[in-house]
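This report describes two features of a protein model, a sheet and a patch on the surface. Please keep the sequence and the structure in view while reading.

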Amino acid sequence: MKHERKPQVAQGTIAVGDAAASSSQGGVSPISIEVVFYLLIIAIAAALRFVRLDLWPLLSEELAHVLPPLQLIKGNAPLPVDYSPLLFTTNFVTFLSLGPGDATARLLVALCGTILVALPYYLRATLGRIGSLATSLILAFSPTFLYFSRTSVGSMVVATCAMVFLTALLAYQRDASRRHLSGAVAALAVALLAGSEVYTLILVGATLLGVVALSTRSSENRSDYHRWLAMGRKAVTDRGQIALFLGSMLLIATAFSWNLGGIQAGLNLLANWFSNLRPLAGGRPWYHYLRLLVIYESPIMVLGLIGLGLSIRKREFFGLALGYWFVVALLFYTLLGPVTPGAMTVIILPLALLSGRTIEEWGQKLRFVGSWDVTLAGISVPILGFAYLNLVTYLHTGVIRSAWVGAIIIGLLAASMVVFWAWIGREEGGRAGMMVVLLVLAIVQVKTSVRLNYLYARHPMEPLVMEPISSGQREFVRQLTSISSHYSGDQHEIDILAEEGLRRVLSWCLRDFPNLDFAYSIPADATQAVVIKAVTGGDSKLATYAGTTFHLRSRWPQQTVTLRDRLRWLVLNEAIGVLQWDDIKLWVRMTKG
């Protein structure tokens, strides 16, 4: 039976070749169709990143990068200096031109996330056309990359710069063009001022060069290694590249000379990276990052590891280098690195590229899909859907029988596929399996992205979210605006006294209130119209004031969560467990005066 299908494959190959020839002679060019697909993916990625960019309030981590430029705009010294100089400069420019806000603070990371989706286009010679297109699609819908494209921290910028550096390096390896070298130098300069994750990438690159040098020491073919060394020597000896590197860093770090403290902030990125090098920092479990991979990036992890296996089998240097990047970054952050969610961008990026490698391999096989493949895939999809319905029934009702029915259905489907492979042939069954696997993984990735970024991006149950600020602070600002209009006739002119411990959060959310002051302790005879205090166990009522409580932050305390509850969270998007809240109290004088 396998022998009878061979002529069909040959005919399919001829048909594809004839179609390509006819299109090149008078039809639509294949590259034009390819570009249309890229533009469509980029447009979807941009919409996912830019639309409702202010949906969620800024995280505490984001406040570290938005408050210093806001202080400078108001005429104050931007202290402290533990921020990203790149984010400082871009926020300084956008705040001056568009005004400070949650959305304008995230414009740079949203732009970088969109650019990252477009960059695989330039890796077609390495990943293949299908693989590069698939990589763009994967990056567009990746829950983690989408999350950091909507969170104003430097991780997304570092990942984009790493991708630019990689594409420029590969292009320079092909043609030794000066502009590609300049692109790599500029990407490195920007990354060094974006976030501390860049030093992990430098560690990966430096050790990779060492491994390549040792493994090719006795080999006759060391052309790639010598070409990299030559590029490095040219970059450090070429005056133009040195000027580009130093000039870019100086202008960005100092916000075009407006913030000389940015130079110290840039140095602090390296200092903080070194200071956080300690085993299992933060008391986290050793499997913390593996857990994040499983929860958020299972599709990328599965396809990426398959791609790594293909690269090992075929001894492809690019795939092996990506695998080395993934393993070293994962081990580094697991054993030594700090508890920083942004590390996930460094860990996932090589897996995303390896996923494109997998889909390129599968795509070449799926070009010859036959009727048996479509039939098996068509039968498998509703069967999997029925198994999923049984899982949902179990999660809603707790009836264990439904879970067993779903498991038995999946087991029978797997056994049927094995029988199909033995009867029809391994290639035909493999193609059907590929289609089903890709469909299931795509659904999982989109569903996870929606849950993380649009439903629970400020829920502490999400392990990627650290110190979430409650959306209730926006209602707090709206009520304070209404009170100010009542007391002073202006929406923002009311006198406010707040506790010093709330400075970081209130300096941002009450940035439009000019008469905001802070004190380490609130006096009993306070005269301001509004007093804001953190809610503690020993709170005392202020005389002549009426108070209203608002949620400020939410926390996930240690508690027992069953496997069924966790599945309800992941599958049904249902909130589970009991949250702890850090509250603030808004005290308002009962009378004017």
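## Strands E1 and E2

In this predicted model, strand E1, which covers residues 496–499, is joined to strand E2 by four bridges. The two strands run parallel. One residue pair may serve as an example: Glu499 has Ala519, in E2, as its bridge partner.

## The sheet as a whole

E1 and E2 belong to an open sheet of five strands. The order of the strands across this sheet is E2-E1-E3-E5-E4, and the pairing is mixed. Which strands stand at the edges? They are E2 (516–519) and E4 (545–555). Each of these has a single partner strand, and therefore one side of each is left without a neighbour in the sheet. On average, neighbouring strands of the sheet are turned by 20 degrees against each other, with direction ignored.

## A nonpolar surface patch

Elsewhere in the sequence, Leu270, Phe274, Leu277, Val327, Leu331, Leu335 and Leu336 make a nonpolar surface patch of about 570 Å². Two elements give two or more residues to the patch, namely helix H14 (261–275) and helix H17 (317–335). Which of the elements provides the largest share? It is H17, with three residues.

## Leu277 in the patch

Leu277, one of the residues of the patch, is located in the loop between H14 and helix H15 (288–296). The relative accessible area of Leu277 is 30%, so this residue counts as partly exposed. The range for this class lies between under 20%, which is called buried, and over 50%, which is called exposed.

Definitions and conventions. Residues numbered from 1 in each chain as written. Predicted model: local features only at pLDDT ≥ 70, side-chain atom pairs only at ≥ 80, totals over all residues. Heavy atoms only, no water. Pairing = 2+ DSSP bridges. Axes fitted to C-alpha atoms, helices over the stretch in contact; angles between N-to-C directions. Patch = residues over 30% accessible without salt bridge, like charges linked within 9 Å, V, L, I, M, F, W, Y side chains within 5 Å. Areas by Shrake-Rupley, 256 points an atom, 1.4 Å probe, with all protein chains shown as cover. Salt bridge = Lys/Arg side-chain N within 4 Å of Asp/Glu carboxyl O. Buried < 20%, exposed > 50% of the residue type's maximum accessible area, 1.4 Å probe, protein only.
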